[in-house]
Amino acid sequence: MRRLNRKKTLNLMKELDAFPKVPESYVETSASGGTVSLIAFITIAFLTIMEFTVYWDTWMKYEYEVDKDFTSKLRINIDITVAMRCQYVGADVLDLAETMVASADGLIYEPVVFDLSPQQKEWQRMLQLIQSRLQEEHSLQDVIFKSAFKSASTALPPREDNSLQSPDACRIHGHLYVNKVAGNFHITVGKAIPHPRGHAHLAALVSHESYNFSHRIDHLSFGELIPGIINPLDGTEKIASDHNQMFQYFITVVPTKLHTYKISAETHQFSVTERERVINHAAGSHGVSGIFMKYDISSLMVTVTEEHMPFWQFLVRLCGIIGGIFSTTGILHGFGRFVAEIIFCRFRLGSYRSTSVQLPDGHTSNHLPLITDNSTH
């Protein structure tokens, strides 16, 4: 009984076979079929390799939503060098929401030489080249997001030469926390002092001839510090043409959540527009000499996620490539053989002209004569 059941099961499975086998004695091969098969195999191999590269690659997905976090603090990371001595300049943040001076205790004033060493100039040149390419090719930002990791560093390298020149500039670097509202970070003459109606700077003791707000922004970012990320103002250098000159940067900050296979962080992207002018009260150009960075927080939050092609989708695409090429080449080969057979048949029929044969009874036959061995001699 068991053997009968097995035979019935096997017979049933044979009837369900969707891939019937053809005996080799009934299979006919041809040179044209072999050529088309070789082309199909090469095409399949090439497209399969290309599909593997697509499968291993990743892309960045952008999602937008309203930022509902208003209570947390915003971190500002600063590394700016001003061509004035540290005792002559002061930096602070004016919070526009509460009209108060935010604490700038996290900033360090370090006397340095403004001119860069050859290695530092090469670093700055490469950074400015990357910035120019980023402005032209926006898709490069995805590459920077994917390659960012905490061990990388985009900071200005330390001086490798022991310069005997006395420090003529002040490097202001560090970080500070402010409220997530619009504000104004500025560097101007004199140290900042608290004031009931706002804030003030002790600039009376500094002569106007000492004003020089030529500066270099080695780094400026908002949110969590990610060394591998290149920000729009990194590597910027401005040379003042006048003592009383104002440099303004209008910044729009966008909260960003970054999730890649290497890092997961909450940072901020920003766009910036620049303006500079000479302060001349007699000509109607009023203001205060210095560097002013006015920032505003966007109400939208961007979530950037690195995605990868699913394995099942890769298999579907791969099967589509293999099956599609086999089917297409088979159809093209069959159509080509059909056309070739029609052309050759017409050529052969045209090579034999019809001849009239006089029959004994007086009738005429227009059929083609039979070709026999005797007729060939």
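**Group meeting: a walk through the model**

Okay, let's start with a cysteine. Cys319 is exposed, with a relative accessible area of 55%. Keep that one in mind for when we get to the other cysteines. And before anything else: what we're looking at is a predicted model.

So, the overall picture. The protein has 377 residues, and 33% of them count as buried. In secondary structure we have five helices and 17 strands. If you take the contacts with a separation of 6 or more, 80% of them are between residues 24 or more positions apart.

Let's go to the inside. The largest nonpolar core has 35 residues. Which of its members touch the most others? Those are Phe185, Ile187, Ile251, Met293 and Tyr295. Several strands feed into this core: β2, β3, β6, β7, β10, β12 and β14 each put in at least two residues. The top contributor is β2, residues 73-82, which gives five.

Take Tyr295 as an example. If you skip its neighbours within four places in sequence, its contacts include Leu74 and Ile76, then Val93, and then a run from Val181 through Ala182, Gly183 and Asn184 to Phe185. Tyr295 is also in contact with Val178, Phe222, Ile251 and Val253. Ile251 and Phe185 are familiar from that list of best-connected core members.

There's a second core too, separate from this one. It has 14 residues, among them Leu134, Ile144, Ile230 and Ile263.

Now back to β2, because I want to show you Thr81. Thr81 sits in that strand, and at 2% relative accessibility it counts as buried. Again leaving out neighbours within four places, what does Thr81 contact? Val112 and Phe114 are on the list, then Ala169, Cys170 and Arg171, and then Ser214, His215, Arg216 and Asp218.

Two residues from that list have something going on between them. The charged end of Arg216 sits over the ring of Phe114, 5.1 Å from the ring centre.

And Cys170, also on the Thr81 list, takes us to the disulfide. There's one in the structure, and it's Cys86 with Cys170, sulfurs 2.3 Å apart. Where do the two ends sit? Cys86 is in the loop between β2 and β3 and Cys170 is in strand β6, so the bond ties together parts 84 residues apart in sequence. The S-S torsion comes out at about 105 degrees, so this is a right-handed disulfide. Both of these cysteines are buried, whereas Cys319, where we began, is exposed.

Staying in this area for a moment, look at Thr236 in strand β11, residues 236-238. With 14% relative accessibility, Thr236 is buried as well. Beyond four places in sequence, Thr236 touches His215, Arg216, Ile217 and Tyr249. So Arg216 shows up once more, on this list and on the Thr81 one. Thr236 and Gln131 are 105 residues apart along the chain, and their C-alpha atoms are separated by 9.4 Å.

Gln165 is another one to look at. You'll find it in the loop between α4 and β6, partly exposed at 41%. Its C-alpha is 7.3 Å from that of Val113, with the two positions 52 residues apart in sequence.

Last topic: aromatics and the helices. There are nine aromatic pairs in the structure. My pick is Phe41 with Phe326: ring centres 5.8 Å apart, planes at 75 degrees, so edge-to-face. Phe41 is in α2 and Phe326 in α5, and they're 285 residues apart. Buried or exposed? Neither, really: Phe41 is partly exposed at 47%, and Phe326 is partly exposed at 42%.

For contrast, go to Tyr211 and Phe213. That pair is edge-to-face too, because the planes are at 65 degrees, with the centres 6.4 Å apart. Here both residues are buried.

There's also an aromatic cluster made of Phe52, Tyr55, Trp56, Phe311 and Phe314. Helix α2 covers residues 31-56 and α5 covers 311-351, if you want to place those on the screen.

One annotation to finish on. UniProt, in an unreviewed entry, puts a "transmembrane region" at residues 36-56. In the model that stretch is 100% helix and 0% strand, with its end C-alpha atoms 30 Å apart. That's my tour, so over to you for questions.

Methods: Residues are numbered from 1 along each chain as its sequence is written. This is a predicted model: local features need pLDDT of at least 70, side-chain atom pairs count only at pLDDT 80 or more; totals for chains, interfaces and linings use all residues. Side-chain values use heavy atoms; hydrogens and water are left out. A nonpolar core is a set of buried Ala, Val, Leu, Ile, Met, Phe, Trp, Tyr and Cys residues joined through side-chain atoms within 4.5 Å. Buried means under 20% relative accessible area, exposed over 50%, partly exposed in between (1.4 Å probe, protein chains only). Helices (H or I, at least four residues) and strands (E, at least two) are DSSP runs, numbered from the N terminus. Contact means heavy atoms within 4.5 Å. Rings of Phe, Tyr and Trp (its six-membered ring) pair if their centres lie within 6.5 Å; planes under 30 degrees apart count as stacked, over 60 as edge-to-face and the rest as tilted. A charge sits over a ring if NZ of Lys or CZ of Arg is within 6 Å of the ring centre and within 35 degrees of the ring normal. A disulfide is a pair of cysteine sulfur atoms within 2.5 Å. UniProt positions are given in the numbering used here, feature names are shortened, and annotations may be inferred rather than shown by experiment.
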